[in-house]
Amino acid sequence: MAYDALDGTTLDAGLADAGKGSSSAPQARRQGRSLPTLAARRAPLASAEAQLTLMRSVPLAREFPDALKDAGLWPLKARELDILQLNVGRVCNQTCHHCHVDAGPDRRESMTRETMEACLRVLARTEACVDITGGAPELNPNFRWLVEQCRALGRHVMDRCNLTILDTPAHADLPEFFAEHAVEIVCSLPHYRATSTDKQRGEGVFEKSIRVLRRLNALGYGDGNSGLRLVLVANPAGAFLPPPQACMEAEWRRELLRREDVRFDALYTITNMPISRYLEWLERSGNLEGYMQRLVEAFNPAAVAGVMCRNTLSVGWDGALFDCDFNQMLELPIEGPVHVDGFDLETWRRRDIVVDRHCFGCTAGAGSSCGGATA
Amino acid sequence: MSDHYYHSHDLERFGEIGDHAPELAKKFFAWYGAVFAEGALTAREKSLIALAVAHAVQCPYCIDAYSKGALEKGADVEQMTEAVHVAAAIRGGASLVHGLQMRNRADGLSM
């Protein structure tokens, strides 16, 4: 998802063409630039199967179903369908090191108008709100049309935004479009300090992000009473769990106001998932085993109730259905009809949710979901 | 047994300090947990103090545990580096201030 933008760098066009540039991977890292996507590098971990194999190879004290059984929470069942999460494509203007989507400028997967129409038909049959993610969802050519259609059905719309996309000329008028349609903006910002942010995401990214946040503030976003909700998302920049959300929110609120005169409504802390580029980083940095074990050891039964798979339907760019965006990237299909054309709400309610080892990421510590901590 | 005094995996075995004194260990761990709970100091402040002390007592296990602990409490490397400097300043200052003890003694012994 776009909010997974932790420490990537906005790619220059040259680097996006994998294999054409002269920069080796270590050089790119030393220069603080991102690597191209796993797909463009034809890396083994570009395949979901290879990711699952690697994740399952780590010695762990117990498996996720066992943890749920011990807590009396097995099998994992749905609550109500509150959120229709549409992953409208893997194209992104950034290539963040921690992206679980392996999104980037070289990706071509993008949801068509026809698939969006099928999603809208499902939406009309439910009470759900809409959570649009990617990639950078704004890069889908039908993005604005989709938002307008969801709003026409009277639904609340969230956009998972990496902020820097709103600083590009082609999308400069999007903040006004968002305000006009009362779109909730859920955006990634790794830190409230320029030095930390730029070290993680590349020179100038903090300044761009702050510039965009100020524009959003000027439109009423984050003022607490305009109804224009602005949420920041922070993932840890490494192989450790996020800090307590409430403490961080208070600190960020104080520091962003004091340093940058920026306001926001809420801060979500989200745990990094051992999937795709973050999985690759875990393995390369020698952190895979320790991180997986940390997630298992931090299993918190109280965090299970609020996990997103219980109230969310995740739709891929091609219309495939999943229990969550993470299962989508691992190609673990939902039980029942596997395409949006065949969606049935009753089947969705009755299904067993598909789990694997990465699910420990959502239940570790204070829990983690698309809405931040769950416990 | 390999030829090292320190083994990183021994950190996970911390609980085994109770093997021959279970009652004492129980008291120690209960107290330890209470010390690090959010109180008049935040959990993060306590983590940073622990990290600084870990460097002062030069305990590799504590440095391992509280480097991760401080990050998970939301501290960043700049704050953690400053904490280590606090430990180092106190250590350096402690040596230097004892120079007065040396001078007192030397003065007493000298004509």
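Which residue is the bridge partner of A:I83 in β9(A)? In the predicted model described here, that partner is A:T312, and the pairing belongs to a set of four bridges that join β2(A) to strand β9 (residues 312-315) of chain A, the two strands running parallel. On the evidence of a second pairing, β2(A) also lies alongside strand β4 (residues 129-133) of chain A, again in the parallel sense and over five bridges, with A:N87 standing opposite A:T133 in β4(A).

Strand β2 (residues 83-87) of chain A is largely enclosed by the rest of the structure, because five of its five residues are buried. In a regular strand the side chains alternate between the two faces of the sheet. In β2(A), A:I83, A:Q85 and A:N87 point one way, whereas A:L84 and A:L86 point the other way, and all of these residues are buried.

The wider setting of these pairings is an open sheet of eight strands in chain A, with the order β8-β7-β6-β5-β4-β2-β9-β10 and mixed pairing. At the edges stand β8 (266-269) and β10 (321-322) of chain A, each with a single partner strand, so that one side of each is left without a neighbour in the sheet. Elsewhere in this order, strand β6 (residues 184-188) and strand β7 (residues 230-234) of chain A run parallel and are joined by four bridges, and A:C187 of chain A is found opposite A:L232 in β7(A).

Helix α6 (residues 113-124) of chain A comprises twelve residues and reaches 16 Å from its first C-alpha to its last, which is close to the 16 Å expected at 1.5 Å a residue. Its buried residues are A:T115, A:M116, A:C119, A:V122 and A:L123. They lie on the same side of α6(A), because the arc that they cover around the axis is only 110 degrees. The buried residues of α6(A) pack against β2, β4, α7 and β9 of chain A, while the face turned away from the buried side carries the exposed residues A:R113, A:E114, A:R121 and A:A124.

Two residues of this helix, A:L123 and A:A124, are in contact with A:L153 when the neighbours of A:L153 within four places in sequence are left aside. A:L153 is placed in the loop between α7 (143-152) and β5 (157-161) of chain A, and A:L153 counts as exposed because 11 other C-beta atoms lie within 10 Å, the cut-off for this class being 12 or fewer. Although A:L153 and A:C129 are 24 residues apart in sequence, their C-alpha atoms are 9.9 Å apart in space.

Taken as a whole, chain A has 15 helices and ten strands, and buried residues make up 51% of its 375 residues. Among the contacts in chain A with a separation of 6 or more, 75% are accounted for by residues 24 or more positions apart.

The contact between the two chains takes seven residues from chain A and six residues from chain B; by class, the side of chain B that touches chain A has four charged residues, one polar residue and one nonpolar residue. As regards confidence, the predictor gives the complex an ipTM of 0.72 and a pTM of 0.85. For chain B, the mean pLDDT is 94, and 98% of the residues reach 70 or more. Where pLDDT is low, the predicted coordinates should not be read in detail.

How values were computed. Residues are numbered from 1 along each chain as its sequence is written. Chains are lettered from A and ligands numbered from 1 in the order in which they are written. This is a predicted model: local features need pLDDT of at least 70, side-chain atom pairs count only at pLDDT 80 or more; totals for chains, interfaces and linings use all residues. Ala, Val, Leu, Ile, Met, Phe, Trp, Tyr, Cys and Pro count as nonpolar, Asp, Glu, Lys and Arg as charged, and the others, Gly among them, as polar. pLDDT is the predictor's confidence in each residue, from 0 to 100. A residue is buried if 20 or more other C-beta atoms lie within 10 Å of its own, exposed if 12 or fewer, and partly exposed in between; C-beta atoms are placed from the backbone. Two strands pair if DSSP finds at least two bridges between them. The expected span of a helix is 1.5 Å times one less than its number of residues. The arc is that of the directions from the helix axis to the C-beta atoms.
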